[in-house]
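The following account leads through helix packing, one loop and the enclosed spaces of a single model. Please keep the sequence and the coordinates at hand while reading.

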Amino acid sequence: MRIHVQNPAGETLFPITEAQWRQALTRHPDMTGLTVSFADDDAGFAAGLGEADILLTWVSEVDRRLKGKLPPERAPGLKAIFCNSAGVDRLLPLDWLPARTALLNNRGTHGAKAGEYGIMALLMLANHIPTFAQAQQRGEWRPRFATLLAGRTVCVVGLGTLGGAVAGWAKRFGMTVIGVRSRATPHESCDEVVAQGDMDSVLPRADYLVLACPLTPETRGLMDRRRLALLPAGARLVNIGRGALWDQDALCDLLEGGHLGGAVTDVATPEPLPPEHRLWRAPNLLVTPHMSSDNPDTYNDISLDILFENIRAHRAGQGWPNQVRPDRGY
């Protein structure tokens with residue numbers, strides 16, 4: 001089986017290297033019979049794709065190089081495209097993908113880092129850190145005192161790798177955790193789980209809301225103005241999913257009007273966020289530049305481990321565990 005690794009040109013923080021590949025093979029000694037090629041240019045991509053059984057690359061590279069431009073003769077043996085990202089919403093719908101080729105994501109890579117970021121964001125909101133950060137820029141000394149997370153209720157929307165990790169931390173901090181997912185199946189870190197269609201019934205109880213679900217046709221605009229207004233006065237929000245999950249203007253209006261007590265977002269629409277965008281100036285809002293879930297020390301190692309787990313399952317006739325389902329969008 002031949003793997004082609006296509007790094008973006010000029011990638012300096014997360015390039016997948018030959019050394020990382022060799023270390024992954026050491027961790028997975030049963031991964032025999034694999035050959036690999038690496039490239040970061042057009043010529044290397046064309047050559048590698050033509051011979052590859054699996055393409056390992058970035059969502060941005062797939063979007064730029066393959067979406068709508070993948071006739072069979074370009075990649076006659078391509079069985080799978082493995083994206084080193086969990087979110088593949090920009091590649092949907094998958095009508096451009098040949099039926100014989102599976103699209104895989106690296107779901108499972110981000111949990112530990114996202115969990116720490118999520119609990120950090122909840123603690124920052126509990127202690128008014130976005131408010132104090134903005135006051136510091138104005139040179140204002142205005143003490144505000146804070147209660148504990150323990151005893152408060154957090155609603156976590158999305159209980160996959162990201163949301164499940166945040167829910168676990170919130171539970172350890174003594175919070176009441178309500179989960180929202182596509183179906184109301186129980187989750188080990190949640191006191192209660194409701195289906196997405198019943199989310200309105202739990203929003204009025206949420207002191208905190210965490211958005212951690214993937215962006216799909218069903219979740220785009222999920223937290224619209226009406227749903228944001230269902231949150232109790234003073235509620236605080238965290239978004240580590242996608243900017244398009246919520247109505248950004250409604251969020252700003254409700255922060256400016258005082259209905260919402262604060263927010264932390266790691267995502268925005270568009271990205272990068274333009275300097276003139278109102279999110280930068282909304283009161284009690286802290287913006288971070290889409291970095292909540294990626295640990296450069298372990299990201300590629302875990303991604304390669306997940307790739308090898310998928311190859312192992314495929315060899316055993318069990319399909320691809322990380323295959324993106326077009327009907328779900330992840």
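**Helix packing, a loop and two spaces**

Helix α4 (residues 111–126) and helix α6 (residues 161–172) cross at roughly 50°, and their axes come within 8 Å. Axes here are lines fitted to C-alpha atoms, for helices over the stretch in contact, with angles running from 0 to 180 degrees between N-to-C directions. Helices (H or I, at least four residues) and strands (E, at least two) are DSSP runs numbered from the N terminus. The model is predicted: local features need pLDDT of at least 70 and side-chain atom pairs count only at pLDDT 80 or more, while totals for chains, interfaces and linings use all residues. Residues are numbered from 1 along each chain as its sequence is written, and side-chain values use heavy atoms, with hydrogens and water left out.

Given their angle, α4 and α6 are therefore oblique to each other; angles under 35 degrees count as roughly parallel, over 145 as roughly antiparallel, 65 to 115 as roughly perpendicular and the rest as oblique. The crossing of α4 and α6 is right-handed, that is, the near helix is turned clockwise from the far one by less than a right angle, whereas anticlockwise would be left-handed. On the α4 side the contact (heavy atoms within 4.5 Å) involves G111, A114, G115, E116, G118, I119 and L122, and on the α6 side T161, L162, A165, V166, W169 and A170. These residues comprise 8 nonpolar, 4 polar and 1 charged. In this classification Ala, Val, Leu, Ile, Met, Phe, Trp, Tyr, Cys and Pro are nonpolar, Asp, Glu, Lys and Arg are charged, and the others, Gly among them, are polar.

A further helix pair is formed by α1 (residues 18–27) and α9 (residues 299–315), which pack at an angle of about 50° with their axes 10 Å apart. Helices α1 and α9 are therefore oblique to each other, and their crossing is right-handed. From α1, the residues Q20, W21, Q23, A24, L25 and R27 take part in the contact, and from α9, N300, D301, L304, D305, L307 and F308. The contact of α1 with α9 divides into 6 nonpolar, 3 polar and 3 charged residues.

Attention now turns to the loop between β11 (260–265) and β12 (285–287), where P270 lies. T269 and P270 are joined by a cis peptide bond with omega of about 0°. Another cis peptide bond joins E271 and P272, with omega of about -5°, and P272 is found in the loop between β11 and β12. That loop also holds N284, which has a positive phi of about 60° although it is not a glycine.

N284 also helps to line the largest cavity, together with L125, H128, P130, T131, R236, G261 and G262. A cavity is a set of points on a 1 Å grid over the protein atoms alone where a 1.4 Å probe fits but cannot get out; a pocket is an open set with protein on both sides within 12 Å along at least five of seven lines, and lining residues have an atom within 4 Å of a point. The largest cavity has a volume of about 30 Å³, and its lining divides into 2 nonpolar, 5 polar and 1 charged residues.

E271 and P272 reappear in the lining of the second largest pocket, alongside D266, V267, A268, L273, W280, V287, T288, P289 and H290. About 160 Å³ of space lies in this pocket, a volume being the space filled by probe spheres set on the points, with grid points joined across faces, edges and corners. Its lining comprises 7 nonpolar, 2 polar and 2 charged residues.
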